Amino acid sequence: MLTQFAVGRLEEQLDKYDEWADRFEDLPLYFMTFHGQQSIRTVIDTMQHAVYVYDICHVVIDNLQFMMGHEQLSTDRIAAQDYIIGAFRKFATDSSCHVTLVIHPRKEDDDKELQTASIFGSAKASQEADNVLILQDRRLVTGPGKRYLQVSKNRFDGDVGVFPLEFNKSSLTFSIPPKSKARLKKIKDDNGLVAKKPSSGKKGAVPQISETHSDQVPNPNKPDFSKPSR
């Protein structure tokens, strides 16, 4: 994470390590000191304590399958998974805190893309979620393959699509390739989503930009950047 934060290999520039380490320490990040399988009740209690003490507004759980081994609710793993997802959904609603839950998909054929139905377990995970993001990894025989992030569900906005990803080995990060950025901008221009300056020969031209109205229902799983987090 420190390498990703510095966007470069610090082992190659040790003189800057202390500087980046101090800056990283100032980030409002907290880690749950859990090792191995934990009870969902213990995890929820810890999350509620973090929200109360540190004003946490976004929790990342990695991952669902790792937690399920400790549950003694039922021999049915689907029922155990539904209970865990319901607990996270209730926590997000009651605490006004965003929850990002990582779920490994079930095995699919190499020539098929992952879909929302590929999520392990029942349909409760995709039904309760406000946003579903799928990390696609198409392995090719003739090349290194293609990776892209697919937005397959967007409850409050409705827009779905695909963002190609390129891995930067030096910074250990994924980003949109430069060529794709220009292509995405052109697509936005064609759809009229980017604000354009009115021409001098036309009066009363209004740029078409999307707005977020204050009367919209807040998204519990989408980070709120209107107020700083601690």
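Mentor: A residue counts as buried under 20% relative accessible area, as exposed over 50%, and as partly exposed in between, with a 1.4 Å probe and protein chains only. This is a predicted model, in which local features need pLDDT of at least 70 and side-chain atom pairs count only at pLDDT 80 or more, whereas totals for chains, interfaces and linings use all residues. Residues are numbered from 1 along each chain as its sequence is written, and side-chain values use heavy atoms, with hydrogens and water left out.

Trainee: Into which accessibility class does R147 fall?

Mentor: The side chain of R147 meets that of D137 in a salt bridge of 3.7 Å, N to O, the term being reserved for a side-chain nitrogen of Lys or Arg within 4 Å of a carboxyl oxygen of Asp or Glu. D137 lies in strand β3 and R147 in strand β4, so the bridge ties together parts that are 10 residues apart in sequence; strands (E, at least two residues) and helices (H or I, at least four) are DSSP runs numbered from the N terminus. D137 is partly exposed at 31% relative accessible area, and R147, at 35%, likewise counts as partly exposed.

Trainee: What is the relative accessible area of D130?

Mentor: D130 forms a salt bridge with R155, with the closest N and O atoms 2.7 Å apart. The pair links distant parts of the chain, since R155 sits in the loop between β4 (146–154) and β5 (161–168) and D130 in the loop between α6 and β3, 25 residues apart. R155 is partly exposed at 39%, whereas D130 is buried, its relative accessible area being 1%.

Trainee: Which residue is linked with D130 and R155 in a network of salt bridges?

Mentor: In helix α5 the buried residues include A80, Q81, I84, R89 and A92. One of these is linked with D130 and R155 in a network of salt bridges, namely R89.

Trainee: How far apart are the end C-alpha atoms of helix α5?

Mentor: The expected span of a helix is 1.5 Å times one less than its number of residues. For the 19 residues of α5 (77–95) the expected span is 27 Å, and the end C-alpha atoms agree with that value, lying apart by 27 Å.

Trainee: Which helix gives the largest share of the largest nonpolar core?

Mentor: A nonpolar core is a set of buried Ala, Val, Leu, Ile, Met, Phe, Trp, Tyr and Cys residues joined through side-chain atoms within 4.5 Å. Of the 25 residues in the largest one, M47, V59, I61, F88, F91 and V99 touch the most other members. The elements giving two or more residues to this core are α3, β1, α4, α5 and β3 (131–138), and the largest share, six residues, comes from α3.

Trainee: Which residue makes a salt bridge with D45?

Mentor: D45 is partly exposed, with a relative accessible area of 39%. Its partner is four residues away in helix α3, so the two are separated by about one helical turn. The partner also counts as partly exposed, at 42% relative accessibility, and the side chains meet at 3.1 Å, N to O, which identifies the partner of D45 as R41.

Trainee: How many salt bridges are there by this rule?

Mentor: Among them are the pair D45 and R41 and the pair D137 and R147. By this rule the count of salt bridges comes to seven.
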